[in-house]
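Me: Please examine the following structure with me and answer some questions about it.

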Amino acid sequence: MTARQMVPDGPRPTAFGPARLGIYGFLVVSAVFFLMPLYVMIVTSLKPMEEIRHGALFAWPANPTLAPWIEAWSSACTGLKCEGLKVGFANSVFITVPSAVLAITIGMVNGYALSLWRLRWSSLLFGALLMGAFIPYQVLFFPLVRMLAAIGFFGNLAGIVTVQVIFSLPVMTLLFRNYYASLPYDLFKAARVDGAGFWRTWRSVMLPLSGPMIVVALILKVTNTWNDYVLGLVFAGHRYLPMTVELNNIVNTTHGEREYNMEMAATLLTALVPLAIYFVSGRWFVRGIAAGAVKG
Amino acid sequence: MDETRYFHWRPGRAAAALALLPTAFVVLFVFIGGAGWAALVSFTSSRMLTIWNFVGFDQYAALFRFPRWQVSLENMVIFGFCFILASLVLGILLAVFIDQKVKGESVFRTIYLYSYATSFIVVGLVWRWILDPSLGIQHVVRDLGFPSFTFDWIVSQKMAIFTIVIAATWHGAGLVMVITLAGIRGVDAEIWKALKVDGVPNWKAYLFVILPTIRGSIVTAVVLMTIGVVRLYDIVVAMTNGGPGSATEVPAKFVVDNLFERQNIGLATAASTTLLVLILLVVVPWALWQRARQRRMA
């Protein structure tokens, strides 16, 4: 035990007075506000419809069933098709993987070129790129649709991946530029003195040091792409609609009575990937949003 | 820069410039060119197809006479004000309370931020059900023995926009907490010591010393939220789809609907250009302020 632990300075702050009670009270009430919707979603998704019709929303399921989850995954209907969310899940994977790989690779090279190679136009380019992060998507919908249609990239996988990469260029570049700028400059200089060129310096010195930032960028990019709705809706075409779009279609396709249990199971399934990333990655996730929060 | 060094570096510099070329292309032709193109189309009489027939500000005049656009703008202002205020108050309170050496800090932090990891579509659907009068809170409270209890904002023309505020705050307050908490933790220990020595009460210390010290982070959070307000689309689509009636229509939705459903390109680009101008009015002063601050510190 260290001396610091044995001699606390000032009055014991953990004494349970009314002030402490108030602090914990507020924190707990807030926690209930944040957790309540998740709880409702989970219990409702496990109830048969009979129970939802008669029982209370907050009640624990009396006869828990996984049937709504299975229906949401494999046979829920969107319009005329009844294939469940599995198609949307696959599409979201097809969109997310290449978008993340491309965006992170380009972001890394950009960040490296902008931070360590003092090019004449680099600060102007970086400034303009950052302003690009603030342009509302809707402003670029019309021109992007036209440009992509002209090269046959509209309404297919290549189109949505291109758009996903374009819109994440600013943040990915920002992440890696700031990261490389924080590394000791001598590392870079040493490689340069040894005569290594642009790409070799990157491969042999910068890339091996990029691990932590690649993880942060990966978390940020995968979460953002997975959660996207409007880009997928506009640019992916019918064949590659992402999971979020399929989810919204399932909920808005009703034949007769609303199947709340299946719809909530579908919603939880869609939230599963980002939530898993969040709960597993913890502080890394926070680092990502702190550094890249520009992409709201 | 001395001559020999410049010469020595030149091959690498060419490769660096080449590597930046695709990005420069995107910035020039997609971001700047695209926004400019859209702005140009907004001055033409285009409807289903682009026609280069310039009509000045006619589309804008038509736009601002459009009742749905007026409602959308009004909703954006109401939503923006309430959402930013609610998220700031809740987020800052959470950060300050968590900063009181509480037990289980990381558990609380994890709980307050998880909603930020989910999609706006998920957020919208969740709150659509929680606030649904025949399923959610109203139904539950009535079943508890208060048959006249009413909480039906989501189906009320007047109150529906505030249900979007609730959902968006649930999603975004955690971000304010994270940004504020990082700011508070970064405050110089000397400042805290001085406040203790002077016997300043805790709440006064936060309100008048600590929060002003970290105003940079708070302003950043406000700018980020403002961008979110202008972009607001997904939550509305999932939660109310603009209804009841047109009670929760928002500008971003106006653009998408006019572009893809009503096929009125001129009106849609006039609306989107208006949004871009609004964003620039927020971002440019903020960027200049940030730069001035950094210069002063350096």
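The questions below concern a predicted model.

Me: How many residues does each of chain A and chain B bring to the contact?
Reply: Contact is counted for heavy atoms within 4.5 Å. On that basis the residues taking part number 89 from chain A and 84 from chain B.

Me: What area is buried between chain A and chain B, and what share of it comes from carbon and sulfur atoms?
Reply: The size of an interface is often given as the accessible area lost when the parts come together. Here the area buried between the two chains is about 7,900 Å², and the share from carbon and sulfur atoms is 78%.

Me: Which three residues supply more than any others of the area that chain A buries against chain B?
Reply: Together the three supply 10% of the area buried by chain A against chain B. They are A:Phe34, A:Phe134 and A:Phe142.

Me: Which helix gives the most to the side of chain A that touches chain B?
Reply: That side of chain A divides into 66 nonpolar, 14 polar and 9 charged residues. The element giving the most to it, with 17 residues, is helix 2 (residues 18-45) of chain A.

Me: How many salt bridges and how many residue pairs in polar contact does the rule find across the interface of chain A and chain B?
Reply: Over all chains the count of salt bridges comes to 11. Across the interface of chain A and chain B, however, the rule finds 0 salt bridges. For polar contact, with both residues at pLDDT 80 or more, the number of residue pairs across this interface is 15.

Me: With which residue does A:Arg53 form a salt bridge?
Reply: The closest N and O atoms of the pair are 3.1 Å apart. Both residues lie in helix 3 (residues 49-54) of chain A, with a separation of 3 residues, about one turn of the helix. The partner of A:Arg53 is A:Glu50.

Me: Which residues form a nonpolar patch on the surface together with B:Leu28?
Reply: B:Leu28 belongs to helix 1 (residues 3-41) of chain B. The patch has about 440 Å² of accessible area in total, and the residues joining B:Leu28 in it are B:Phe25, B:Phe29 and B:Ile32.

Me: Which residues are joined by a cis peptide bond?
Reply: B:Asn241, with a positive phi near 50°, is placed in the loop between helix 11 and helix 12 of chain B. B:Pro244 is also found in the loop between helix 11 (234-239) and helix 12 (251-261). The cis bond has omega of about -5° and joins B:Gly243 and B:Pro244.

Note on methods: Residues are numbered from 1 along each chain as its sequence is written. Chains are lettered from A and ligands numbered from 1 in the order in which they are written. This is a predicted model: local features need pLDDT of at least 70, side-chain atom pairs count only at pLDDT 80 or more; totals for chains, interfaces and linings use all residues. Side-chain values use heavy atoms; hydrogens and water are left out. Buried area is the accessible area (1.4 Å probe) that two parts lose on being put together, summed over both. A salt bridge is a side-chain nitrogen of Lys or Arg within 4 Å of a carboxyl oxygen of Asp or Glu. A polar contact is a pair of N or O atoms within 3.5 Å; within protein, one must be able to donate a hydrogen and the other to accept it, and residues adjacent in sequence count only if both atoms are side-chain atoms. Helices (H or I, at least four residues) and strands (E, at least two) are DSSP runs, numbered from the N terminus. Ala, Val, Leu, Ile, Met, Phe, Trp, Tyr, Cys and Pro count as nonpolar, Asp, Glu, Lys and Arg as charged, and the others, Gly among them, as polar. Patches are made of residues with over 30% relative accessible area and no salt bridge: like charges are joined within 9 Å, nonpolar side chains (Val, Leu, Ile, Met, Phe, Trp, Tyr) within 5 Å. Accessible areas come from the Shrake-Rupley method with a 1.4 Å probe; for residues, only the protein chains shown count as cover.
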